[in-house]
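I opened my notebook beside the viewer for this one. Here is what I looked up, entry by entry.

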Amino acid sequence: MDARLRAGSAFLALPSPGRTVARATLRMTGVLVAIFVIFAPLSSLVIWSFTRTWHWPHPFPQAMGFFYWRKVLEGDLFRALQSGLLIAVIVTVLTLLLTVPLAYLLARYPVPFKAAILLVFLLPHAFPQLPVFVNATTLLYRAHLAASLSGVVLIHMVGALVYAVWTMTAVFRSIPESLEEAAWNLGASRLKTFFTVALPLATPGLVASTLLVFLYSFDEFTGTLLVGSPFVLTLPVYMYRTSVGYELQVASIAALLLMLPGIALLVVLERYLKSEYLSMFGRI
Amino acid sequence: MDVRVEGLVKRYGRVTALDGVSLAFPAAGLTAILGPSGCGKTTLLRSLAGFMPLDGGRILFGVEDVTALPPQARNTAMVFQQYALWPHMTVFDNIAYGLRLRKLSAAEVRARVEKVLDLVEIGRIAGVTERRPGELSGGQQQRVALARALVVEPRVLLMDEPLSNLDAKVRQRLRAEVRRLQKAVGITTVYVTHDQEEALAIADTVVLMDGGRVVQAGTPQDVYFRPENAFAAEFLGVSNQLSGTADADGLSVGTQHVSYSGPLRGPVTIVFKATDAILADSGVAADGRHAVLRGMLEERLFLGSAYRHYVRVEGESLMIDGAEPVDHGPVTVRVPMARLQIYAAP
Amino acid sequence: MAPQISRRPEARRPGHRPPRAGDPFKRWLSLGAAAPPLAIVVWLFFVPFLSSAHRSFLREGEWTLRNYALVWRLYKIDVLYTLGISLVSLVLVIGIAALLCGYLRLVGHRFVEFLFKIPLFVPFVVVGHGMRVLLAPRGTLNSALAQVGLIDLNDPPSIAFSWLGIVIALVWKNLALAVLLVLGAYRAVDESYLEAARNLGASTFRQIKDVLLPMSAPSLVVASAFMFTSMLASFSIPLMIGGGEPPHMLMVDVYYRINYQDDLGTANALGMVSYLLAMGVAGYYLRTITVKPA
């Protein structure tokens, strides 16, 4: 073999045990860095949640405990949590009611302007939301819906609809039509087939949509801040207020509570749902 | 360069893909590895390349034990079944990739790429170096893949069913090309295929594998005419199998009798090829040099190059190929004794 | 296998089922089903969006360009500030994701892969507060570093309330999405392309640079466009971690303009600027993809 090529090929041969040790150490360092990066902000939240007093510059809180938990569960935080949960539930139910039939039709029928309709739901996420919602607040105000639960529900739905429409359309499209045709063949009406064949088969999609919409509404901040003030408070807005007000323990507890549904879902998703659904979570 | 593998073992969970495989691949020769799906031939090839760690055994390139080396360090080159030509690089960049990794100068790279393009006979196509692989035909892409492998002058050339993605006609033509190239360059080549005709046509050595083990290794003629066991006999060519019993008087096949002077006794498997048998109307007598069996011709298909007759003998359906069609009905099957392979039944 | 419900050819097309429903019925049914959800988006997004345009030209009831003049005078630095932060964050996110996912694809590390899914489920507001607590001048990070002696207690650096804090928060949150998308694109690259490179001598890094990145470039561009526009439009994070002094990110400016100055005209003019930026970026990126042949 040619000498020059041989020299070049020898260059590629990887050597020594020393290099393997170096590589293993690098790998371990990388893992530690990753753990630090991911958990540093989160652990700060956890520490502050269980802190009673902590003065700078001590490395650890002077007094820890459930003091602030007891305090907040009786006060405004609990009210904010309640409102937030209630709103999220209402938003989820309404969204699914409005979008599931539409999604089925979009999947099965030759709907005019199908692509345009799907795109419309995506637009609230393509443009900066704040300026738009500022003007929307005026509209809601004129309709006497500002600072009310209904107003907040509506502003949440603007952004939530896309999660349900897109997910359910894709899910219905993936169900072979022959399964429904078999039911019609045997005499079932369209409606009955929908409820007994299509909908049960679409359950994973329904679960995904429910989770996505619920989480979106529970975590929604911008619209709630504008529309809900001053009477309707959800947990994100409450957390914001207490954070900038330097009530750090309370804010951190609120933050932890906000994270709980998300973490639970992470565990569920790891096992059950596909990564397409996962990527939609990143937009919340 | 001589390549040897000793006692290779590879397991995937419960499945043993390689079960103690030991082989020698002669220097500058083309060794074809042949076998049914799942026999381990691709696993063997990929372990030579270093794409998978082994559970046991050694691989030797010359005197060097390369078993622990990663693929980058082994200096082998593989030609993939689906070519694996990078679609975002031009033909030139595809071929030059290995050379550039070896830090050759731009002038060197250009010279070598042009030389190898001529070797695989696509150098003459105008502007071929600037085209993307997607713009070339299948046969041309395969030549580029070959060029990419040959240009780095590897110690071993590994080919993973390189022609099976091509049309039958293109395959026939490229077969001869591959053999010509291999001889011209003189590189030790391991060629995996499931097409036995291809293996017999181009190889210096044929290795037949089944279930992770080597069944037989030898020249193409060895393996075809002198199969060592029933599997080998059955795998190569279009084969027929009959069960019989051997004793001192001869072979009993069902109710029929064939003369036999070999050493085996007890249940045996009789194998012969479709092209070795002659079909005649009933009533032809036996003679010492032929085995004669009576059967019923049930079906006849026209293949173009021959007629394939399906004859039922003692419950088995046999395939007999012949240039002339024979009519349905009772027939005689005559096989020269020299072409009957008889093995002890398991 | 042909469905046995009808022998008429038109019966085989999806969405058709003779003899009951005809075309017009289906069309009206579909539009009827679409109307309520569409109405919500139209009323509370489209109309306000158009309203932005309208109001940006109004000041005290009169048609004027003064709002835009004010935007130019007061906020041009902030526009650059916003673009700059978004660009820096994007480059960091894509850069880290490209390399990290290359390693995850070629070598693999299930635990790290799982770790980087966690920020997906942490809402933006929580990221804001978490970073605030971590990176504030008297935050946990500085506190920890002070114990080790790396920081002067009397003059701790303020990472939060600065552009760096915002960048860190945006990178932290968006990295999870980027890893998901980039790893998906990398996994779609057929293994044989990587084996061919490895076979010829390519190291892990070269496999990323020569094969994985070029072959998944379109997906990366789309992901970048999306993340960049979302960073431009970020509100809750800069609100919590951006600090009191200008410059601010654009959404914070819009909010302050409404909340403290009650100036709908200028706020909407600024909003219009942000829409144009978002559309411009998306358009530019998408054009780069569609020009290249597949």
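**Entry 1: one leucine.** I began with Leu154(A), which counts as buried because it has 22 C-beta neighbours inside 10 Å. My cut-offs, with C-beta atoms placed from the backbone: a residue is buried if 20 or more other C-beta atoms lie within 10 Å of its own, exposed if 12 or fewer, and partly exposed in between. I am working from a predicted model, in which local features need pLDDT of at least 70 and side-chain atom pairs count only at pLDDT 80 or more, while totals for chains, interfaces and linings use all residues. Residues are numbered from 1 along each chain as its sequence is written, and chains are lettered from A and ligands numbered from 1 in the order in which they are written.

I placed Leu154(A) in helix 7 of chain A, residues 149–174. Helices (H or I, at least four residues) and strands (E, at least two) are DSSP runs, numbered from the N terminus. Which residues does Leu154(A) contact, leaving aside its neighbours within four places in sequence? I found Leu145(A), Ile40(C) and Leu44(C). A contact here means that the C-beta atoms of two residues, placed from the backbone, lie within 7 Å. I also checked Leu154(A) against Val237(A): they are 83 residues apart along the chain, and their C-alpha atoms are separated by 17 Å.

**Entry 2: a helix pair between A and C.** Leu44(C) turned up again when I looked at helix 6 of chain A (residues 129–142) and helix 1 of chain C. Their axes are 8 Å apart and the packing angle is about 105°. The axes are lines fitted to C-alpha atoms, for helices over the stretch in contact, and angles run from 0 to 180 degrees between N-to-C directions. That angle makes helix 6 of chain A roughly perpendicular to helix 1 of chain C. For the wording, angles under 35 degrees count as roughly parallel, over 145 as roughly antiparallel, 65 to 115 as roughly perpendicular and the rest as oblique.

From helix 6 of chain A, I listed Pro131(A), Val132(A), Asn135(A), Ala136(A) and Leu139(A) in this contact. The helix 1 residues of chain C include Trp43(C), Leu44(C), Phe45(C) and Phe49(C). Sorted by class, the contact has ten nonpolar, three polar and no charged residues. Ala, Val, Leu, Ile, Met, Phe, Trp, Tyr, Cys and Pro count as nonpolar, Asp, Glu, Lys and Arg as charged, and the others, Gly among them, as polar.

**Entry 3: the whole A–C contact.** I then stepped back to the two chains, where 72 residues of chain C meet 74 residues of chain A. Which helix of chain C gives the largest share of the side that touches chain A? Helix 1 of chain C does, with 19 residues. Among the others that supply at least two residues are helix 6 (163–187) and helix 12 (264–291) of chain C. I noted 50 nonpolar, 16 polar and six charged residues on the chain C side.

**Entry 4: chain C alone.** I listed twelve helices and two strands in chain C. Its radius of gyration, taken over C-alpha atoms, is 25 Å, well over the 19 Å that the globule rule (2.2 Å times the number of residues to the power 0.38) gives for 294 residues, so chain C is more spread out than a compact globule. Its C-alpha trace spans about 85 × 70 × 35 Å along the principal axes. I found 47% of the 294 residues buried.

**Entry 5: chain A alone.** Chain A has 14 helices and two strands, and 45% of its 284 residues are buried. It is divided into domain 1 (3–49) and domain 2 (74–281), with bounds from an automatic or database domain assignment. Their contact takes four residues from domain 1 of chain A and six from domain 2 of chain A.

**Entry 6: chain B.** I listed nine helices and 20 strands in chain B. Of its 346 residues, 41% count as buried. In helix 1 of chain B (residues 41–49), the buried residues include Lys41(B), Leu44(B) and Leu48(B). Gly50(B) follows that helix with a positive phi, near 95°.

Where chain B meets chain C, I found 17 residues from chain B and 13 from chain C. Helix 2 (71–74), strand 6 (76–79) and helix 3 (91–101) of chain B each supply at least two residues of the chain B side. That side has eleven nonpolar, five polar and one charged residues.
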